[in-house]
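Hi everyone, thanks for making time for this one. I'd like to walk you through a model I've been looking at, and I'll stop for a few questions on the way.

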Amino acid sequence: MERAEVQGFPFLPGALWRRLPDLDLLRVGGIEPEHLHPLVGAALFPGVRPDAGIGGPPGPDAPQPVRVRCRGEWHEVGFRPGVLLRMPHSDEE
């Protein structure tokens with residue numbers, strides 16, 4: 001339609017009539033209901049709560065350990081839950 005043909009008709013913004021991407025992701029299996037944003041999940045699935053409490057996508061995996069040279073020696077440095085680094089030094093060092 002041309003702009004002149006719709007002149008005078010009420011305007012409805014696209015955000016009010018477009019289908020949410022969450023619905024498409026759910027339909028094709030790209031996301032599970034418990035991984036939806038908590039507000040979206042509550043709107044689409046009222047009364048359903050994720051087992052872990054707070055919803056949302058799973059967090060990223062910890063990076064793989066890396067080897068670094070320290071004082072002439074090679075160390076393996078990695079991440080572990082609750083602590084930034086795991087390395088063969090004491091906290092004082």
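**A walk through the model**

Let me start with a residue in a turn: Arg71 is exposed, with a relative accessible area of 67%. Please keep in mind throughout that this is a predicted model. Where does Arg71 lie? You'll find Arg71 in the loop between E1 and E2. Its backbone deserves a look, since phi of Arg71 is near 55 degrees, a positive value in a residue other than glycine. As background, most residues other than glycine have a negative phi.

Now the strands on either side of that turn. E1 covers residues 66-70 and E2 covers residues 73-80, and they pair in the antiparallel sense over five bridges. Together E1 and E2 make a hairpin, with two residues between them. If you want to follow the register on your screen, Arg67 is opposite Glu76 in E2, and Cys70 is opposite Glu73 in E2.

Just a moment on the stretch leading into this hairpin. Pro65 belongs to the loop between H3 and E1. At 35% relative accessibility, Pro65 counts as partly exposed. Which residue is 4.1 Å from Pro65 in space, C-alpha to C-alpha? That is Gly78, 13 residues away in sequence. Ala62 sits in the loop between helix H3, residues 38-44, and E1. With 51% relative accessibility, Ala62 counts as exposed. From Ala62 to Arg80 the C-alpha distance is 7.5 Å, and the two are 18 residues apart in sequence.

Let me zoom out for the overall layout. The chain has three helices and three strands, and along the sequence they follow the pattern α-α-α-β-β-β. How much of the chain counts as buried? The figure is 11% of the 93 residues. Here is another number for those of you who like contact maps: among contacts with a separation of 6 or more, residues 24 or more positions apart account for 0%.

On to the charges, which I suspect many of you were waiting for. As a general reminder, side chains of opposite charge can pair when their charged atoms come close. How many salt bridges does a search of the whole structure find? The search finds two. One joins the side chains of Asp24 and Arg19, at 2.9 Å from N to O. The other joins Arg27 and Asp24, at 3.5 Å from N to O. Arg27 and Asp24 both lie in helix H2, three residues apart, which is about one turn of the helix. Put together, Arg19, Asp24 and Arg27 are linked in a network of salt bridges.

How accessible are the members of that network? Asp24 counts as partly exposed, at 25% relative accessibility. Arg19 counts as exposed at 57%, and Arg27 counts as exposed at 61%.

Then there is Asp22, which is found in helix H2, residues 21-28. Is Asp22 buried or exposed? Asp22 is buried, yet it has no salt bridge. The nearest side chain of opposite charge is Arg19, and that is 10 Å away. A salt bridge requires nitrogen and oxygen within 4 Å, so a 10 Å separation does not qualify. What does Asp22 touch, leaving aside its neighbours within four places in sequence? Asp22 is in contact with Leu36 and Val40.

Last, a word on rings. The structure holds zero aromatic pairs. There is a charge over a ring, though: the charged end of Arg18 sits over the ring of Trp17, 5.5 Å from its centre.

If you'd like one place to begin when you open the model yourselves, try Asp22, buried and without a salt bridge, and then Asp24, whose side chain meets that of Arg19 and that of Arg27. After that, have a look at the turn between E1 and E2, where Arg71 has its positive phi of about 55 degrees. Thanks for listening, and I'm happy to take questions.

Note on methods
Residues numbered from 1 in each chain as written. Predicted model: local features only at pLDDT ≥ 70, side-chain atom pairs only at ≥ 80, totals over all residues. Heavy atoms only, no water. Helix = DSSP H or I, 4+ residues; strand = E, 2+ residues; numbered from the N terminus. Buried < 20%, exposed > 50% of the residue type's maximum accessible area, 1.4 Å probe, protein only. Lys, Arg positive; Asp, Glu negative; His and termini not counted. Contact = heavy atoms within 4.5 Å. Phe/Tyr/Trp six-rings, centres within 6.5 Å; stacked < 30°, edge-to-face > 60°. Lys NZ or Arg CZ within 6 Å of the ring centre and 35° of its normal. Pairing = 2+ DSSP bridges.
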